[in-house]
Amino acid sequence: MSSTALVIIGLVLAVLVLVLFTVKLKIHPFFALIATSATFAIVSGMNMEDMLSAFTSGMGGTIADIGLVIALGTVTGTLLEKSGAAETMAKTILKITGKKHAALGLAITGYFVSIPVFCDSAFVLLSPIARRLSKDTKISMTTMAISLAMGLHATHMFVPPTPGPLAVAGILNADLGMVILFGALVSIPVMLVGYFASLAAGKRYYYIPQDDEEETPDENAKQPGALAAFLPILVPILLMLLKTIGDMIGGEGIILSILNVIGTPAVALLVGLLIAAYTYHTIHPEDKLAWSFDGLVADSLKTAGQIVLIVGAGGAFGGVLKASAMQSVLTNAFSGLTIGILAPFLIGFIF
């Protein structure tokens, strides 16, 4: 059997293993992704030493890129939820969109936020609002999550100054203004398709986030105002936006150097976390153990640890795919086809 056929069969079997392990056998995604990577490597005939090297480097690189962002964002989300800030933000959004169109409002929010901000950082920042909206409107969390993700990804993939489209514009020597304009226009139907798909998925996989059993909602409980609630999200977004503008302007100077540091996603999210911590303290001054090993921060870090490992294992699988013969297989397969502009879309979809 040819190497091309083995790579294709290996990829198909790897995806089937991932679905079987996670959906049918309920195995933790971290171990399912390890099995997925091993399945692809064995079937495609990949050298085991190369596979292990690609797996570890892919996992390490992914965790290095996003691990700190996930940890900081998860803690911030917990603080926003426990202080009542997420509920305040949800109520503010619902006043604008109404309960019926809450998911669309979330998608539109993601559409604009992801233009200056990396979509992974933005997803972590906005997920507490999605969770709160799902609870308040009884719209499936599946719908909220997909709407938010597609709103974020639409502009992240099409509109500079995010790195992907910006790099493509540079490689093709395209007019940056035109790329931004048409990217923004194309992103609108992409976002809407994602929104309508989320409605269908939400009906099939209906799930509403549940409060902890020991918690009983208190309608008279003190909650932060709208400004205090949104600041932990708006400030990091503003800092990352300023860094993006500074990068586009270029040059040197102490102000640009400062913006380059504080606008880094991890630093910007840390600033947001500190603001969220202050808001939480003003609402719950009696909680002296919040930052201790047994407090709510420690509980949120346990959740963050699992997410980091799963994302890292996903990056490891991606590293194995990149280190395999798949790139040359795709190049050879598409070089003889006359499908025009569909070729890059199909290659991107497969990877």
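A residue of this predicted model counts as exposed when its relative accessible area is over 50%, as buried when that area is under 20%, and as partly exposed in between.

Q: Is Lys-302 buried or exposed?
A: The relative accessible area of Lys-302 is 57%. The cut-off for this class is over 50%, so Lys-302 is exposed.

Q: Which residue meets Lys-302 in a salt bridge, with 3.8 Å from N to O?
A: Lys-302 lies in helix H13, which covers residues 296-323, and its partner lies in that helix as well. The two are 3 residues apart, about one turn of the helix. The partner counts as partly exposed, at 42% relative accessibility. The side chain that meets Lys-302 is that of Asp-299.

Q: How many salt bridges does the structure hold?
A: A pair counts when a side-chain nitrogen of Lys or Arg lies within 4 Å of a carboxyl oxygen of Asp or Glu. Among the pairs is Lys-302 with Asp-299, at 3.8 Å. The structure holds 4 salt bridges.

Q: Which residue forms a salt bridge with Arg-131?
A: The closest N and O atoms of the pair are 2.9 Å apart. Arg-131 lies in helix H6 (residues 119-137) and its partner in helix H3 (residues 48-83), so the pair links distant parts of the chain, 50 residues apart. Arg-131 counts as partly exposed at 27% relative accessibility, and its partner is partly exposed at 30%. That partner is Glu-81.

Q: How many residues apart in sequence are the parts that Lys-135 and Glu-81 tie together?
A: The side chains of Lys-135 and Glu-81 meet in a salt bridge at 3.2 Å, N to O. Lys-135 lies in helix H6 and Glu-81 in helix H3, so the parts tied together are separated in sequence by 54 residues.

Q: Is Lys-135 buried or exposed?
A: Lys-135 is linked with Glu-81 and Arg-131 in a network of salt bridges. Its relative accessibility is 7%. The cut-off for the class is under 20%, so Lys-135 counts as buried.

Q: What is the geometry of the ring pair formed by Tyr-111 and Phe-112?
A: By the rule that ring centres lie within 6.5 Å, the count comes to 3 aromatic pairs. The rings of Tyr-111 and Phe-112 have centres 5.0 Å apart and planes at 80°. Tyr-111 is buried at 9% relative accessible area, whereas Phe-112 is exposed at 54%. Because planes over 60 degrees apart place a pair in this class, the pair is edge-to-face.

Q: What is the geometry of the ring pair formed by Tyr-195 and Phe-196?
A: The ring centres of Tyr-195 and Phe-196 lie 5.2 Å apart, with the planes at 55°. Tyr-195 counts as buried at 8% relative accessibility, while Phe-196 is exposed at 53%. An angle that is neither under 30 nor over 60 degrees falls in the remaining class, so the pair is tilted.

Q: Which residue caps the N-terminal end of H7?
A: Helix H7 covers residues 141-158 and reaches 26 Å from its first C-alpha to its last, close to the 26 Å expected. Buried residues in H7 include Met-141, Met-144, Leu-148 and Leu-152. At the N-terminal end, a side-chain oxygen of the capping residue lies 3.1 Å from the backbone nitrogen of Thr-142. The capping residue is Ser-140.

Technical notes
Residues numbered from 1 in each chain as written. Predicted model: local features only at pLDDT ≥ 70, side-chain atom pairs only at ≥ 80, totals over all residues. Heavy atoms only, no water. Helix = DSSP H or I, 4+ residues; strand = E, 2+ residues; numbered from the N terminus. Expected span 1.5 Å × (residues − 1). Buried < 20%, exposed > 50% of the residue type's maximum accessible area, 1.4 Å probe, protein only. Polar contact = N/O pair within 3.5 Å; in protein donor to acceptor, adjacent residues only side chain to side chain. Phe/Tyr/Trp six-rings, centres within 6.5 Å; stacked < 30°, edge-to-face > 60°.
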